[in-house]
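User: I am new to this structure and would like to learn how to read it. Can you take me through it feature by feature?

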Amino acid sequence: MSPQTVNATKGVKKDDIIVAFMGPTGSGKSYFIDLLTGESGRRSGNSLASVTSGIEATRVQLPNDTSKHIVLVDTPGFDDSTRSDMEILHMISDWLKATYVSSFPFKNQELADVQHRLNSYESGVKLSGLIYLHRITDNRMAGSPYKNLRMFGELCGDLAMNQVILVTTMWGRVEKYIGEGREQELKDIFWRGLINKGSRVDRLDAATGEAAWRVVGELVQKRLEAHAEAVLLQEELVDNGIKLNETHAGKALYSDLQKKLAEQKDSMKSLLAQVEKSNDPHLTRELRKEYERLQREFDRTFTEAETLKISFIKKLLSVFANKKTKSKAVKVDMPSE
């Protein structure tokens, strides 16, 4: 049977092995899936550039057991070129919620509505594992790579970390000794918290289907032998019935947006000072255009931040009302300046 594109929620079957690919934009998620399916360039366009704008799923037979199927789920990274971080988080949370069946009874109308939606999908569907990709060509952990890793730790949680493989890509683009040094730094600092909770580390060190299946094979075998744990975001949204802005991932994104607002405000202030000092009409026009662009970006960021903002009363009530989750967020160390 040839690889089959399926709906990432309704098209998933109870006995499917589901593996999600996450990581920064351009880390090679679509490329990895092309290697697994033998469809070179279909998703990645023969490159490792950003191509995924939504949740995309492909069902394929296992090479060593054609009676079993694996669903490969391609997800967009944060800092995607076509969608905001808020849209990405909503997209991922909706998908995780739809592919999860709660083990707890529903106690209110909101949770009952979730159950109604879940009933339209195959019961018993579980996320079997996650592969988190990181470019070994990145010479420092900052910006997009750090944000994506931080969000991954917040939405995945500690109990599901033994279903995670942290995979470095693009080894053909660096000297081996340089790549090995960066990989060691990842393991010693940035990935340490995830590894301590059970995540494993691997490399996609060759652009071949065999190399890709070797990495995925470990997750497949683990899924066949053990029960899959829910990720933290699923537990928060479905089992506990809290809103996205109250989850660990939602709060982390809100913090990022607040930082982004401060940076945008400083940029606008600096640009405005240049406009006031300029005696060149042409330069003044260009500076004003840039200021207007920054103003639009600031307005968009502010709107997103407001949707994630939690009122003081809600924060106070959540201390007493929210049920504790079994899983805890995994924190990622800040990169040094």
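**Reading the model**

Analyst: Start with helix H4, which is mostly covered: 13 of its 14 residues are buried. Keep in mind that this is a predicted model.

User: What span should the 14 residues of H4 have, and how far apart are its end C-alpha atoms?

Analyst: Count 1.5 Å a residue. Helix H4 covers residues 143-156, so it should span 20 Å. Its end C-alpha atoms are 20 Å apart, which agrees.

User: What comes just after H4?

Analyst: Gly157 does, and its phi is positive, at about 85 degrees.

User: Now the sheet. How do strands hold on to each other in general?

Analyst: Strands of a sheet pair through backbone hydrogen bonds, and the pairing is either parallel or antiparallel.

User: In what order do the strands lie here, and how are they paired?

Analyst: Seven strands form an open sheet, ordered E1-E3-E4-E2-E5-E6-E7, with mixed pairing. At the edges are E1 and strand E7 (200-203), each pairing on one side only. From one strand to the next, the twist averages 30 degrees.

User: Which pairs run antiparallel?

Analyst: Two examples will do. Strand E1 (residues 4-6) runs antiparallel to E3, joined by three bridges. There, Gln4 stands opposite Arg59 of E3. E3 and strand E4 (residues 65-74) also pair in the antiparallel sense, over seven bridges. Leu62 has Asp65 of E4 as its bridge partner.

User: How many residues join E3 to E4?

Analyst: Two residues, in a hairpin.

User: Is strand E3 mostly covered or mostly open?

Analyst: Strand E3 (residues 56-62) is mostly covered, with five of its seven residues buried.

User: Where do I look for a parallel pair?

Analyst: Look at E2 and strand E5 (residues 127-135), which pair in the parallel sense over five bridges. Val19 has Gly129 of E5 as its bridge partner.

User: Which strands does H4 touch?

Analyst: H4 packs on the sheet and touches E2, E5 and strand E6 (164-169). The direction of H4 makes about 165 degrees with that of E5. Helix H7 (residues 209-225) packs on the sheet too, touching E2, E3, E4, E5, E6 and E7. Its direction makes about 150 degrees with that of E7.

User: How do I read a crossing of two helices, such as H2 and H8?

Analyst: Take the approach of the axes and the angle together. For helix H2 (residues 85-98) and helix H8 (residues 232-239), the axes come within 9 Å and cross at roughly 75 degrees. That makes H2 roughly perpendicular to H8, because angles of 65 to 115 degrees count as such. Ser93, Leu96 and Lys97 of H2 make the contact with Leu233, Gln234, Leu237 and Val238 of H8.

User: Now single residues. Is Gly26 buried or exposed?

Analyst: Gly26 is in the loop between strand E2 (17-22) and helix H1 (29-37). Its relative accessibility is 14%, so Gly26 counts as buried; the cut-off is under 20%.

User: How far apart are Gly26 and Asp80 in sequence and in space?

Analyst: They are 54 residues apart in sequence and 8.9 Å apart in space, C-alpha to C-alpha.

User: And what about Thr37, buried or exposed?

Analyst: Thr37 sits in helix H1. It is buried, with a relative accessible area of 11%. A polar atom of the Thr37 side chain lies 3.3 Å from the backbone oxygen of Asp34.

How values were computed. Residues numbered from 1 in each chain as written. Predicted model: local features only at pLDDT ≥ 70, side-chain atom pairs only at ≥ 80, totals over all residues. Heavy atoms only, no water. Helix = DSSP H or I, 4+ residues; strand = E, 2+ residues; numbered from the N terminus. Expected span 1.5 Å × (residues − 1). Buried < 20%, exposed > 50% of the residue type's maximum accessible area, 1.4 Å probe, protein only. Polar contact = N/O pair within 3.5 Å; in protein donor to acceptor, adjacent residues only side chain to side chain. Pairing = 2+ DSSP bridges. Axes fitted to C-alpha atoms, helices over the stretch in contact; angles between N-to-C directions. Contact = heavy atoms within 4.5 Å. Parallel < 35°, antiparallel > 145°, perpendicular 65-115°, else oblique.
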